[in-house]
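Colleague: I'm new to this structure, and I'd love a close look at just one part of it. Could you walk me through a sheet, strand by strand?

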Amino acid sequence: MPSVTRIEIGTRPGFTDSRGASTARKIREHLGLSVAAVRTRDVYLVEPGLPEADAARVAAELAGPVVRQGAVGRLDDGPFDVVVSVGYKPGVTDPVGKSARVCIEDLLNRPLGEEAHVYSGRMFLLSGCDADAAGRIARALLANEVIERVRVQTWAEWRGAPPDLETPRVVERAPHAVEAISLELEDAALARLSKDRLLALTLPEMRAIRDFFRREADAPRRKAAGLGPAPTDVELECLAQTWSEHCKHKIMNAVVSYSEEGAPPEEIRSIFKEYIRGTTRAVEQRIVAREGRSWLVSIFHDNAGVIEATPRYHLVYKVETHNSPSALDPYGGAITGIVGVNRDPFGTGLGSDLLSNVWGYCFGPPDHDAPLPATLLHPRRIRDGVHAGVIDGGNQSGVPYARGWELFDERFLGKPLVYCGTVGRMPVTAAGRPTHEKSAVPGDRIVMVGGRIGKDGIHGATFSSAELTESSPVQAVQIGDPITQKMMFDFLLEARDRGLYSAITDNGAGGLSSSVGEMARQPGGARLDVARAPLKYQGLAPWEILVSEAQERMTLSVPPAKLPELLALAKLREVEATDLGEFTAEPYLEVLQGERTVALLPMDFLHEGDPEMRLVAEWNAVRRPALQAMAMPATPEEGNALVRGLLARDNLRSNEDLCRTYDHEVKGLTVVKPWVGVHRDVPSDASVLMIAHDGDLTGYALAEAVFPTYSDADAHAMAQAGVDLAVRRVLAAGGRIDRIAALDNYCWPDPLEGPNNPDARQKLAALVRASRGLSEICVAYGVPLVSGKDSMKNDAVIAGKRISIPPTLLASAIAVVPDVRKALTLEASEPGELLYVVGDTRDELGCTEWAAARGVTGGEVPRCQPETFFERYAAVASLIRDGLVVAAHAPGRGGLLPSLFYMARAAGLGLGVELSKVPRQGRPGWEALLFGESAGRLLLVVRPDQAMAVEQRLGGVPTAQIGAFDDGDRLRIWLGGHALVDDRIDALAAAWKREGRQA
Amino acid sequence: MNRAVRVLIPTGFGLNCEEETAAAFRMVGAEVDLVHLTDLFARRHDRKLTDYQVLAFIGGFSYGDHVAGGLVLATRIRAHLMLDLQSFLGNGGRVLGICNGFQTLVRLGLLPGPAEGSADFVPRAALANNDRLGYRDAWVTLAADPAARSPWTQGVGTMDLPTRHGEGKLIVESEALLDRLEAAGQVAFRYVDPSGKATEQWPWNPNGSARGVAGLTDRTGNILGLMPHPDAVLYPWHHPDWPRKKAQLERQEPAGLRLFRAGVSGI
């Protein structure tokens with residue numbers, strides 16, 4: 001047991017410990033426990049220990065002058081009641097320890113050595129609370145025992161014991177030998193094998209693998225490699241990763257027998273090919289017919305979609321989800337989600353610079369107060385952790401966030417949805433080559449760059465392809481390290497521009513087995529030696545090295561002639577790069593451990609060998625009663641109260657303060673920011689950003705929309721509402737109507753039939769209906785689907801009870817903006833400007849925020865009329881292009897009311913509106929007019945002297961001037977002269993921000 | 001203007017504002033080299049520090065702000081670059097530190113720097129956690145202190161610009177030192193409230209810095225460090241009021257550019 005140096009850093013007496021103060025506030029506000037004061041400390045453990053003099057220098061350096069103090073061993077600055085010590089468990093990524101090590105080595109001017117470790121930890125010194133309370137505080141607030149070890153000591157215990165020198169050093173054991181696993185088993189045994197090894201392979205898949213090895217048993221190539229008839233654990237794990245739902249999207253590619261209302265079934269060959277790729281092909285044909293060429297550069301076959309933007313740059317966009325890990329470890333799961341999706345644009349073509357991030361989360365209600373199973377974290381805890389993770393991941397990577405949203409519903413208690421996305425900027429050419437193409441050839445070296453491999457993230461892909469249960473593996477949790485990745489990206493951009501590699505892809509789900517297995521398709525095959533792979537610690541079996549999802553790793557294909565230069569540059573930049581083997585022309589993925597072959601899988605079986613999945617979907621429409629009307633407010637005071645209540649709801653209230661803890665303008669390219677208006681506190685419809693500081697004023701607009709609750713009526717309406725609002729938002733910001741692309745991100749409850757999944761066929765039918773709706777509206781709008789992802793196991797089975805999310809399709813739109821200076825927001829600029837609504841309002845209150853606020857079900861769900869809507873959007877887009885519109889806004893969740901409030905607040909003006917002028921279809925009542933979420937509507941602000949021109953050009957489109965801005969400070973809304981609302985805008989804002997209420 | 005001013009921008013280790021800072025210096029006519037710190041440490045760059053007139057420590061998250069903002073980077077610079085840095089300063093070179101760069105300069109003891117007569121680089125201040133804990137990206141207003149004696153503040157006046165930090169509360173060794181810094185004109189910029197008065201009040205002052213201090217210079221005025229980001233205000237359309245005040249914003253030079261122009265003037 002080598003010696004250990006312990007260093008504690010704390011705040012000097014007389015200075016505020018802001019972290020302690022904020023911890024104390026959370027203890028009181030979130031846990032309702034009392035505590036007098038909290039002091040915090042940072043702890044560093046250096047192993048092996050340092051000479052005394054060195055240790056003292058290090059303590060002083062880490063503390064710095066004035067505010068903080070450091071001590072070797074124990075920093076004793078007065079009594080407390082209980083101390084909670086928190087440190088990582090063995091093997092968990094510790095970025096702070098890593099940085100501290102660099103600092104110590106440069107301070108002492110010597111390397112600490114291969115065997116040395118620096119670990120970070122935290123201490124919370126609590127006064128005014130007892131050990132029991134401290135234990136609850138530790139578990140509920142200060143630590144996550146999935147990844148951290150916690151120690152609670154009273155003052156007496158702490159004083160009595162020597163300083164804690166226990167480090168989370170990984171106990172290194174000899175690695176498991178490679179084992180052959182016979183599949184000559186009964187079906188039941190095969191299924192059990194799949195479950196016990198967390199392979200997440202279905203019985204037909206297990207049978208297919210068994211049958212393959214029967215055929216392959218005598219293959220000379222296999223014999224020559226010294227492999228027996230049974231698959232090795234390496235081969236089995238490799239197949240499980242490659243065939244996992246997460247990597248293979250088997251459900252989206254399954255043959256589906258679909259029937260509606262008991263009608264004879266029809267066969268859908270593949271939801272993906274039919275409704276997603278088919279849609280994009282159809283749209284692209286129309287683009288070519290119209291423009292003579294396509295602006296789609298690279299779609300479907302790479303890590304992210306690529307579209308044309310400027311003569312110098314393409315735009316690359318990808319959105320991912322990271323739901324299951326975020327449920328277990330919100331911080332680690334979320335930071336891994338954002339730095340993970342960063343690697344998609346980076347791993348597309350030869351790599352892209354990162355421009356901006358987007359995020360969106362679906363959580364259980366933050367104030368949920370019913371008891372939860374021990375295995376579920378409280379939604380507030382999940383929310384705080386997820387935000388903290390994506391904030392650190394984005395901010396530390398130097399990528400601004402462009403869009404962010406939150407949605408709350410009871411059904412996300414079991415699994416939160418954590419969407420993270422990244423836009424990249426791809427130079428049209430790099431080192432003289434088209435950047436969107438990869439060109440790995442036989443003989444190229446397989447080079448892994450970035451972080452080292454550990455047990456973290458083993459089985460992540462297969463795990464996320466299974467439902468969350470009490471026994472979900474903790475090793476499925478990774479923690480992203482943005483700084484290691486940022487240093488890797490800086491290095492890779494240099495290497496890209498010097499032409500040092502021929503192909504690149506990221507190591508995400510499935511680790512090396514996926515990245516090398518995928519890249520090998522171009523040259524034909526690959527041979528890699530896991531014994532060469534750099535490990536965080538010894539004791540990993542070959543299959544673990546192959547499938548580990550340890551973060552911050554990219555895989556390159558490097559021409560042998562370029563290898564020395566690439567490795568030298570990596571060393572200089574302090575980035576680890578390792579030659580693991582070579583790409584070959586032989587159609588095999590061969591894995592070696594030193595000299596010995598431990599896996600030999602034909603490429604065609606690896607990628608095409610999984611049996612075709614056949615599924616049954618049955619749709620039975622939900623019968624919905626009419627929604628009982630509510631009496632119209634008799635006085636504006638009644639109306640004001642209703643409106644304040646609605647604006648304060650979880651799904652509408654302002655989360656500006658939270659959003660401002662994310663950087664939104666690093667790189668200096670952000671034009672229309674996420675928060676706009678006189679008070680800079682109103683959410684923009686879309687963010688607009690420049691692409692580079694190269695004088696080209698072309699930019700891009702980003703927006704998204706998601707309506708999970710609409711699935712309660714029909715997933716078809718849910719999908720279309722999302723696409724429609726995302727498109728309206730980018731149009732309102734001045735995006736080119738003929739340069740809009742969309743991303744589809746499906747998060748679904750498990751649609752596979754199983755013992756505890758009685759309504760699987762209806763869930764699959766919802767997937768079909770959503771995909772049809774998506775396809776119809778994208779074709780009508782001329783919007784190609786350039787990238788997407790699906791997550792199909794968003795259920796939690798806790799104590800036998802299944803909690804399923806509502807079928808949720810996130811639509812993300814990206815549009816080219818011709819001149820960022822002309823981008824629009826929702827801000828009117830002067831009193832007297834007129835407010836127009838374009839598009840009619842229908843009696844559609846079903847599944848809306850208003851219905852939820854009233855606690856009533858039933859009513860028609862908002863539906864789209866894509867062809868009709870598109871005509872009016874084209875008319876509005878031309879008005880905006882010609883400068884006839886001052887400001888524009890697309891009403892969304894909550895209907896017209898929140899929109900009117902936003903526009904008045906943003907302008908810093910008063911606003912008066914007469915609802916009886918609103919164009920309508922059918923007979924919408926006051927509720928539908930004020931709160932209905934009818935799609936296809938836009939609000940336009942127009943100067944009086946341009947009103948006539950605007951009305952003429954909107955002839956034939958349902959349009960009306962419904963109000964005007966004034967120099968007052970009130971929002972006034974009438975219906976046929978009857979005042980429904982008459983309230984101070986700052987009072988509405990206070991309610992919306994819950995001022996005076998705990999956030 | 002004669003030969004273009006040469007600006008060196010060290011990059012890497014998690015710094016991330018190189019793109020906009022380089023653009024800013026180029027927009028005011030300077031010639032910019034972006035050089036990875038490992039090249040400077042290894043003496044692989046073909047130019048010496050003293051070949052430059054301006055050295056810019058940019059914003060970002062060097063080493064993730066782990067341990068403390070700018071701390072690890074400062075330790076590395078002291079170990080690998082301090083002598084070059086001292087000869088650069090000896091030649092009267094100018095230094096700009098923005099956000100993480102300011103934190104690094106303070107950790108290096110370059111700001112507020114040694115008193116008259118001495119030449120040590122002992123840290124005498126710290127940029128501590130904001131009073132309201134945590135990172136925040138929001139626009140504020142800065143006013144150049146009329147008493148400031150630095151090329152970096154000449155003609156800059158009042159600036160609207162974003163703050164983007166979690167550790168920006170300036171705490172100096174003693175009240176007396178702060179008095180001396182004010183008297184010596186080393187307080188370059190202060191956060192001001194809507195009435196234009198220096199403030200310690202959130203949100204106008206995002207971190208609670210005493211006397212509203214947002215930026216410092218050394219005794220010579222050649223070294224400027226500030227927490228907010230002038231590199232984020234290079235075009236009129238960067239300003240949040242752009243949609244409503246285009247004409248007015250187009251008439252004036254963007255605030256950030258005024259600072260960069262001042263920094264490369266008179267060289």
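Modeller: Happy to! One term to begin with: two strands count as paired if DSSP finds at least two bridges between them. Please also keep in mind that this is a predicted model.

With that in hand, look at the open sheet in chain A, where seven strands follow the order S18-S20-S17-S21-S19-S22-S23. The pairing in this sheet is mixed. In general, strands of a sheet pair through backbone hydrogen bonds, and they may do so in parallel or antiparallel fashion.

Now go to the edges. Strand S18 (503-506) and strand S23 (596-602) of chain A each have a single partner strand, so one side of each has no neighbour in the sheet. As you step from one strand to the next, the twist averages 20°.

Let's stay with the S23(A) edge for a moment. Strand S22 (residues 588-593) of chain A runs antiparallel to S23(A), and six bridges join the two. To find your place there, pick out A:Glu590, which stands opposite A:Leu600 in S23(A).

Finally, see what lies over the sheet. Helix H19 (residues 563-572) of chain A lies across three of the chain A strands: S17 (445-450), S20 (553-558) and S21 (577-584). Relative to S21(A), helix H19 of chain A runs at about 155°. If you trace the strand order once more, S20, S17 and S21 follow one another in it, and these are the strands that helix H19 of chain A lies across.

Conventions. Residues are numbered from 1 along each chain as its sequence is written. Chains are lettered from A and ligands numbered from 1 in the order in which they are written. This is a predicted model: local features need pLDDT of at least 70, side-chain atom pairs count only at pLDDT 80 or more; totals for chains, interfaces and linings use all residues. Helices (H or I, at least four residues) and strands (E, at least two) are DSSP runs, numbered from the N terminus. Axes are lines fitted to C-alpha atoms, for helices over the stretch in contact, and angles run from 0 to 180 degrees between N-to-C directions. Two residues are in contact if their C-beta atoms, placed from the backbone, lie within 7 Å.
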